[in-house]
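The following exercises are to be worked with the sequence and the coordinates at hand. Each task is followed by a solution in steps.

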Amino acid sequence: MSTLIAPADEAGIIDAVQAARAAREPLTIAGQGSKRGLLRPVQAARSLSTRALTGVTLYRPAELIITARAGTPLAEIEATVAEKGQQLIAEAPYLNGVFATSAPPSIGGVVAANLSGPRRIAWGATRDHVMGLRFINGAGETIRSGGRVLKNVTGLDLCKLLSGSYGTLGVITEVTLKVLPAPETSATILIETPDLAGAVAALSAGLGSPFGVSAAAALPQRDHVIAALRLEDFAASVTYRMEKLRDMLDGFGAQRVMEDGESRAFWRSIREVEPLQAMPDEAIWRVSVRPSAGPHIAAAASAIDGRVLLDWGGGLVWIAAAPSTANHAAISAAAAAEAGAAMLFRAPESLRLAVPVLPAEAAPLAAISARVKEALDPEGLFNPGHLRAA
């Protein structure tokens, strides 16, 4: 068990990083600890957490901007903006059920992992809505990137670089996000299709329509597949567009419409990958491919007795199957054959140490990654071995 360091301010984070640098001892970097089982385990004697670094420091609803310290629970930020009729855009998941944790996800952790939910297909990923960051680099220096306004040209865009770096490049201490007005209502059309190819075709048709689909998922059932497409906006607009969407998709299969309350609950379930949580001993993989390749990945999963859930119009395939090196190799090979990427999202620690949890980077990209790591964390203090074996 590593020693936990949880400073209450940025100065304490700096002191901890500088002490680790002086001692040449690596650090596990974490937020509230809600996704402790993600990626490879970090072998470090001390864990530096931002869990005590909390609070909204700036909220300007009229300017669609909110700033919060990295350890601030995601739920607190969502509640703050909801009071003004606004929402975080990328619909980030909590994933407590996936990782069997009760700790609240922090906004810094959400950004560090670039986690996005069903709305990503229409509005972009979390990193697309990060307007500014403060973080501590491996030298114990504070670096600020971006700003607190929607239009800014403040230096290098390190926001996107840190978003999705999983704490390997710096310790995020503060995040500024763009927000948008929350929809008045939502509705979801469910279409019963004969197979995944038909479901993805229905999703593609809906996403390519002018009716503003904000989420598109496919759920295999015993003898058919449900294609689900969501509309969000003012009530009158949703009603009108749903009628048009139903007419356009009439030939794909039998239809049913879920109104607002049922629709919101349904997409929370998709966001949290709940359909694949029934067997907690299974491993979960996350495969990103072009939507048309989704059914091929699902077929590969079926060959190893895996269960699947498709989000993002078929471009995000969640797979649950027995945790084994053979299954990991099969899923990774299927993803590579479709020019996609497979990530071992949840698995026992033994499997996460035994296999590559992320695909290997192409040589040119790996060289760039090494130079970036050298510039921001030259001593290799932050989350060593978290992404790939050293």
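**Exercise 1. Overall dimensions**

Task: Determine whether the radius of gyration of the chain agrees or disagrees with that of a compact globule of 390 residues.

Solution. The model is a predicted one. For 390 residues, the rule for a compact globule gives a radius of gyration near 21 Å. The value for the chain is 21 Å, so the two agree. As a further description of extent, the C-alpha atoms fill a box of roughly 65 × 55 × 40 Å along the principal axes.

**Exercise 2. Composition of the fold and its surface**

Task: State how many helices and strands the chain has, what percentage of its residues count as buried, and what share of its exposed area carbon and sulfur atoms supply.

Solution. Step one concerns secondary structure: the chain contains 13 helices and 17 strands. Step two concerns burial: 54% of the 390 residues count as buried. Step three concerns the surface: about 16,600 Å² is exposed, and carbon and sulfur atoms supply 55% of that area. Step four concerns contacts: of those between residues at least 6 apart in sequence, 72% join residues at least 24 apart.

**Exercise 3. Positive phi angles**

Task: Tyr166 has a positive phi although it is not a glycine, and the same description applies to Asp305. Locate each residue in the chain, and decide whether each is buried or exposed.

Solution. The background is that most residues other than glycine have a negative phi. Tyr166 has a phi of about 55°. Its place is the loop between helix H6 (158-162) and strand E9 (171-181). With a relative accessible area of 17%, under the 20% cut-off, Tyr166 is buried.

Asp305 has a phi of about 60°. It lies in the loop between helix H10 (294-303) and strand E15 (307-311). Because its relative accessible area is 67%, over the 50% cut-off, Asp305 is exposed.

**Exercise 4. Charges and salt bridges around Glu91**

Task: Count the positive and negative side chains of the chain, then identify which parts of the chain are tied together by the salt bridge between Glu91 and Arg119.

Solution. There are 36 positive and 37 negative side chains, and the centres of the two sets lie 5 Å apart. Side chains of opposite charge can pair when their charged atoms come close. The structure holds 16 salt bridges.

Glu91 and Arg119 form one of these, with their closest N and O atoms 3.9 Å apart. Glu91 belongs to the loop between strand E6 (86-88) and helix H3 (96-99), and Arg119 to the loop between helix H4 (107-113) and helix H5 (120-123); the pair therefore ties together parts 28 residues apart in sequence. Glu91 is buried at 13% relative accessible area, and Arg119 is buried at 5%.

Glu91 also forms a salt bridge with Arg230, at 3.0 Å from N to O. This pair links distant parts of the chain, since Arg230 lies in strand E12 (residues 225-233), 139 residues from Glu91. Arg230 is buried, as is Glu91.

**Exercise 5. A salt bridge within a helix**

Task: Find where Arg264 and Asp260 lie, and classify the accessibility of Arg264 and of Asp260.

Solution. The side chains of Arg264 and Asp260 meet in a salt bridge of 2.8 Å from N to O. Both residues lie in helix H9 (residues 260-271), 4 residues apart, which is about one turn of the helix. Arg264 has a relative accessible area of 33% and is partly exposed. Asp260, at 22%, also counts as partly exposed. Elsewhere, salt bridges that share partners join Glu91, Arg119, Arg230 and Glu232 into one network.

**Exercise 6. Surroundings of two buried residues**

Task: List the residues that Ile172 touches and those in contact with Ser269, leaving aside sequence neighbours up to four places away.

Solution. Ile172 lies in strand E9 and is buried, at 8% relative accessibility. Ile172 touches Thr50, Ala70, Gly108, Val111, Ala112, Leu133, Arg134, Phe135 and Leu162. The C-alpha atom of Ile172 is separated by 27 Å from that of Val273, which is 101 residues away along the chain.

Ser269 lies in helix H9. Its relative accessible area is 17%, so Ser269 is buried. The contacts of Ser269 beyond four places in sequence are with Glu274 and Pro275.

Conventions:
Residues numbered from 1 in each chain as written. Predicted model: local features only at pLDDT ≥ 70, side-chain atom pairs only at ≥ 80, totals over all residues. Heavy atoms only, no water. Helix = DSSP H or I, 4+ residues; strand = E, 2+ residues; numbered from the N terminus. Rg over C-alpha atoms; globule rule 2.2 N^0.38 Å. Buried < 20%, exposed > 50% of the residue type's maximum accessible area, 1.4 Å probe, protein only. Contact = heavy atoms within 4.5 Å. Areas by Shrake-Rupley, 256 points an atom, 1.4 Å probe, with all protein chains shown as cover. Lys, Arg positive; Asp, Glu negative; His and termini not counted. Charge placed at Lys NZ, Arg CZ, Asp CG, Glu CD. Salt bridge = Lys/Arg side-chain N within 4 Å of Asp/Glu carboxyl O.
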